[in-house]
Amino acid sequence: MASANGRRRPLKTVTGVSGAVNVYAAAIDPAASTLTSSIDVAKIAEQHRFDALFAADLLSFGAQGAIGAQEPLVFLSALSAVTSHIGLIATVTTTFHHPYNLARLFGTLDHISNGRAAWNAVTSSVGEENYGDQELPSPEERYARATESIEVVNALFDSWHPGALTSDGHGGAILDPNRVRPIDHAGKYFTVRGPLNIPPLPQRRPVQFQAGQSAGGVQLGARFAEVVFTSLPTLEDAATYTKRIRARAHELRRAEGLPLIMSSFHATYGATEAEARRLAREQAEATDFDAGRGVLADLLGGGMDLSDLPLDKPIPESLLPDVRSVHRRRGRVEIFANFARSGKTLRELIVAAKDTGHWVAAGTPEQLADAIEERYDAGVLDVISLGGLADQRTRDFLVNGLLPELRRRGIVGSDYLGATFRENLELPPLPD
């Protein structure tokens, strides 16, 4: 997609900071959950002109192979104080939060960061036991609630109309209360009178991200998302998904090129191709296959016992779920069910489960740049998540190898373009 000034929009870069502690990985870094480690990552990322920091979230102990994560909004608020340009993407569920609180929380983050906040809206596949629910609502119910929640949040952000606050010429502000209006929302899930009780946001609204690839996720992302966070392991998957969600967004009269497509790139770096392949092989061999059976079962929707199946044979077709019957993470279930049906052995599936269905590659920085350029040129990659800044070796390959190579090719920009995250992403104007 071309930017507002007519040139091609550069690929935007994101890196993760959340303090999640994973108990499935063969080696665990206890310091990964500390603020100190993430402050270092945030400063390095901004120094090398990453566009954003991404904070994931988990809502229950032991979920998806991890014991949990720091709360993203609080965590990113701390990081906002030690950065000045980089965007701050917080993953927060619509299923277990009220939209008025969400608007206040994200509005506050946008204020304290001077316009760098973004909300990655998810519907959650775990955690219902901690919020008073005996059963997780169906995907259809969760997406219906998410739709209404985002509608309310956006209405609250827009409840301060232009001209509500003006300068008095002496460093103060003049409020016109007639330009701050209730939203008077009464829906299936929420009744919210409004207006929002914090001043207009620097970005008017935080940038809207959304994660979810089921039919409900595609509908929600096509309607609201400015960026969709995806798990697209192959170029073919990326092309199919991009065509599908952009077609639906076009039907909904969204701006051309929306939503942007964000993919997480799980890279293994080597000085040579042989070294990269050796490292990837060693990582696979270090897998805890006993724990991995449970993680894979979860990625296949749960409710199956893989403990007695042979590692070097495929999973029997009879054990694979009907995606329509699954209530949790249907997009991931579909990815791993397709992997299984392609003939991958249980061992191969458990190794693949460590990357949870994301895009995986191994090679030299130049080879990895080739893989990225292929998707970028195909128009199926607008934002890329690049991990590894906390590790000295990976960081060196990333900031001294891959990023310079992508910049040499004109794929990634070299500096921030504006004062807000929205400006740096070169997003089209928000609708009136």
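Here are a few friendly notes on the nonpolar cores and two loop residues of this predicted model.

1. How to read the values. This is a predicted model in which local features need pLDDT of at least 70 and side-chain atom pairs count only at pLDDT 80 or more, while totals for chains, interfaces and linings use all residues. Residues are numbered from 1 along each chain as its sequence is written, and side-chain values use heavy atoms, with hydrogens and water left out.

2. The main core. The largest nonpolar core (buried Ala, Val, Leu, Ile, Met, Phe, Trp, Tyr and Cys residues joined through side-chain atoms within 4.5 Å) has 64 residues. Leu53, Ile372, Leu398 and Leu402 have the most contacts inside it. Helix H4, residues 139–157, gives this core its largest share, seven residues. Helices here are DSSP runs (H or I) of at least four residues, numbered from the N terminus.

3. Leu53. Beyond neighbours within four places in sequence, Leu53 is in contact (heavy atoms within 4.5 Å) with residues including Val14, Ala42, Leu76 and Ile89.

4. The second core. A separate core of 22 residues includes Ala297, Leu309, Phe339 and Ala353. Leu309 lies in the loop between H8 and H9. Not counting residues up to four places away in sequence, Leu309 touches Arg293, Ile315, Pro316, Leu319 and Leu346.

5. Pro321. This residue is in the loop between helix H8 (289–299) and helix H9 (330–341). Pro321 counts as buried because its relative accessibility is 15%, and buried means under 20% relative accessible area (1.4 Å probe, protein chains only). Pro321 and Ala337 are 16 residues apart in sequence, with 7.5 Å from C-alpha to C-alpha.

Methods
Helix = DSSP H or I, 4+ residues; strand = E, 2+ residues; numbered from the N terminus. Buried < 20%, exposed > 50% of the residue type's maximum accessible area, 1.4 Å probe, protein only.
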